[in-house]
Amino acid sequence: MKVKIKKGDTVEVISGRYEDKGRRGEVIKVMPKSGRVTVQSVNMRKKHQSQVQTQGRSFTPGIIEFEGPIDISYVMLVCPKCDETTRVGVQRSEDGTVQRVCKKCDALFD
Ligand SMILES: [Zn+2]
């Protein structure tokens, strides 16, 4: 599977399976092997943290919120130029580097 989404990209959740549908966020992590991504403020999970004592420092117990990974097919890249979700094309530049390009406005990503 070819992953066209990279860390730092802005994506929009397009699947209705998550209550975050339509929400946009920055990609925090891409896991190509499992085909999942973690997106800022999307699929928030809560974890209870009990008090931990480590080398004299104590961490306050409470609820930690963190982003859970979602399937990469549930997000779509948002073009920074036309500000719309778009399919991404691949274009080879003159020096041979592969660049991602917006299929709607031809803007280059990265
Ligand atoms: Zn575009």
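Q: A disulfide is a pair of cysteine sulfur atoms within 2.5 Å; how many disulfides does the structure hold?
A: This is a predicted model, in which local features need pLDDT of at least 70 and side-chain atom pairs pLDDT 80 or more, whereas totals for chains, interfaces and linings use all residues. Residues are numbered from 1 along each chain as its sequence is written, and side-chain values use heavy atoms, without hydrogens or water. The number of disulfides in the structure is zero.

Q: Which residues are the protein donors of the zinc ion?
A: Donors are N, O and S atoms within 2.8 Å of the metal (3.2 Å for Na, K and Ca). Here each donor is an SG atom lying 2.3 Å from the zinc ion. In sequence the donor residues follow the spacing C-x2-C-x19-C-x2-C. They are C79, C82, C102 and C105.

Q: What arrangement do the four donor atoms form around the zinc ion?
A: Four donors count as tetrahedral if all angles lie between 85 and 135 degrees. The donor atoms around the zinc ion subtend angles of 101 to 116°, so the arrangement is tetrahedral.

Q: How many residues apart in sequence are the parts that C82 and C102 tie together?
A: C82 lies in the loop between strand 9 (75-77) and strand 10 (88-92), a strand being a DSSP run (E) of at least two residues. C102 belongs to strand 11 (residues 98-102), so the pair ties together parts whose separation in residues is 20.

Q: Is C102 buried or exposed?
A: Buried means under 20% relative accessible area, exposed over 50%, and partly exposed in between (1.4 Å probe, protein chains only). C82, at 23%, is partly exposed, as is C105, at 26%. C102 has 0% relative accessibility and therefore counts as buried.

Q: Which strands stand at the edges of the open sheet?
A: Five strands form this sheet with antiparallel pairing, in the order 8-3-2-1-9. Two strands pair if DSSP finds at least two bridges between them, and strand 3 (residues 36-39) and strand 8 share two. Each edge strand has a single partner, so one of its sides is left without a neighbour in the sheet; the two are strand 8 (70-71) and strand 9.

Q: Which residue in strand 8 stands opposite V37?
A: V37 and its opposite residue are both in contact (heavy atoms within 4.5 Å) with V75. The residue of strand 8 that stands opposite V37 is I70.

Note on methods:
Tetrahedral: all angles 85-135°; square planar, octahedral: opposite > 155°, others 65-115°. Helix = DSSP H or I, 4+ residues; strand = E, 2+ residues; numbered from the N terminus. Disulfide = S-S within 2.5 Å. Lists of a residue's contacts leave out its neighbours within four places in sequence.
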